[in-house]
Amino acid sequence: MTRFELTQASKRWRAAIAVGFISITLIPRVAVADIASAVAPARNLTDRVAERFLQMRGHVAIASYTADASGAPLESDPSILHNLERRMPLGSSIKIPLVIAYAVAIERGEIDPNESITTETWEQLYMPEADGGAHARALAELGLASDDYGFALDRSATVSVQRLMELMIHHSDNAAYDYMVRRHGEAQLGSVLADCALTSIDVPSSDVGEVLARSNHEIGTLTAARIAGFKGMSREELQAEFIKWREKFLDPQWKADEFAWRLAGGADEPYARQAAALAITDPKGAAGEFARLMIEIAQGRLISMAVSDRVAAILEWPRAWIPGAADAFERWGAKGGSIPGVLTDNNFTIAKVGDFAGSLRVTVVFVDGLGASAWKKLLDSNLFLFEQRLMSDAAFVASLQKRLERGNC
């Protein structure tokens with residue numbers, strides 16, 4: 001299949017690429033010029049989110065606390081420390097460890113952040129619309145036009161590795177993620193996780209490889225038998241499976257056959273079946289370790305000040321991009337993820353308004369076991385508003401923590 005044929009092919013591609021491939025940052029749809037006034041009208045909504053989380057408390061992990069100088073929860077401020085050791089699928093939250101590995105590689109002289117790569121190289125592992133249009137948005141930020149499927153029209157345009165990492169976090173571009181995972185190598189990524197003592201977090205793995213392991217033109221659409229097979233595999237075996245399919249995807253003819261199959265509707269996967277597969281195959285981690293990680297980044301204690309500062313600079317995109325965020329926050333670093341059944345979000349903030357103004361606070365929320373309707377409602381900004389209330393309303397935090405504790409008695 002030629003590039004022209006792919007571009008002109010049926011719009012059924014959008015149906016074939018199901019919602020399960022989406023793994024995006026939780027970008028809010030409300031301005032936050034003043035946190036308190038933004039949250040106040042949504043109190044009933046956030047109360048309902050809290051009630052739902054109480055009902056499904058076993059599937060929810062929340063870290064919401066002010067950090068003292070050592071990074072521990074400040075005893076004088078209310079905190080929520082719920083289910084922090086429970087490992088859950090991460091979605092695009094796994095991109096945070098990849099940014100750390102990138103920063104470490106720069107300090108070791110292994111990567112030049114100013115190195116340029118072409119869009120053709122960037123898109124070697126791009127699965128059209130597998131990230132909810134994130135790649136096209138990343139190209140647009142660079143002023144580059146894309147075709148109907150998100151491919152850059154200018155194949156020779158260049159982007160620095162540094163900008164690639166920024167776009168990977170800001171837009172959650174999976175093509176950038178897969179390029180950098182392959183470039184670093186899984187072994188090196190695992191070494192960085194060990195250096196950071198991140199024992200609960202799986203090594204970043206190929207996203208396109210995971211997508212293809214679920215379904216492709218050689219093995220057909222996702223089946224219950226394949227999901228059962230995933231369940232019997234170790235993490236190392238899953239990694240090897242993802243690498244196998246990723247490398248196949250680099251073959252031009254194999255890729256053309258795969259695109260043709262998906263355009264014909266071959267990859268249609270019901271939400272529930274995708275959620276069941278991703279609960280097994282997606283990299284996992286614990287909210288408690290991500291909370292510690294975010295605090296160490298913000299305080300300059302992750303590996304070194306230079307590494308921490310470089311990671312923080314990439315994560316602190318919201319103040320420049322979310323309307324009103326610069327007025328509400330002195331600092332705000334964020335990265336989240338979304339896959340069927342799961343939402344994750346990680347934040348460190350120093351707010352200018354609200355009950356915790358002037359303090360470094362971490363807000364991490366992981367939720368799994370979500371049905372399609374609840375998942376969509378939370379994705380459509382309900383989770384964001386809930387988190388904003390955790391960042392600004394001390395009474396809400398204290399009340400929710402007490403209710404969560406009572407439920408665990």
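## Helix 4 and the contact of helices 16 and 17

The buried residues of helix 4 (buried meaning under 20% relative accessible area with a 1.4 Å probe, protein chains only) are Thr46, Val49, Ala50, Phe53 and Leu54. Viewed down the axis of helix 4, these buried residues fall within an arc of 140°, so they line one face of the helix. The face turned away from that buried side carries Asn44, Arg48 and Gln55, which are exposed, a term that stands for over 50%.

This is a predicted model, in which local features need pLDDT of at least 70 and side-chain atom pairs count only at pLDDT 80 or more, while totals for chains, interfaces and linings use all residues. Residues are numbered from 1 along each chain as its sequence is written, and side-chain values use heavy atoms, with hydrogens and water left out.

Helix 16 and helix 17 pack at an angle of about 110°, with their axes 8 Å apart. That makes helix 16 roughly perpendicular to helix 17, the term covering angles of 65 to 115 degrees. The residues that make the contact (heavy atoms within 4.5 Å) are set out below.

| Helix | Residues | Contact residues |
|---|---|---|
| Helix 16 | 287–299 | Met294, Glu296, Ile297 |
| Helix 17 | 305–315 | Ser308, Val311, Ala312, Leu315 |

By class, the residues of this contact divide into five nonpolar, one polar and one charged.

Ile297, in helix 16, is buried, with a relative accessible area of 1%. Not counting residues up to four places away in sequence, Ile297 touches Ile96, Leu302, Ser308, Val311, Ala312, Leu315 and Phe348. Ile297 and Leu315 lie 18 residues apart in sequence and 9.5 Å apart in space, C-alpha to C-alpha.

Methods:
Axes fitted to C-alpha atoms, helices over the stretch in contact; angles between N-to-C directions. Helix = DSSP H or I, 4+ residues; strand = E, 2+ residues; numbered from the N terminus. Parallel < 35°, antiparallel > 145°, perpendicular 65-115°, else oblique. Nonpolar A, V, L, I, M, F, W, Y, C, P; charged D, E, K, R; others polar. Arc of directions from axis to C-beta.
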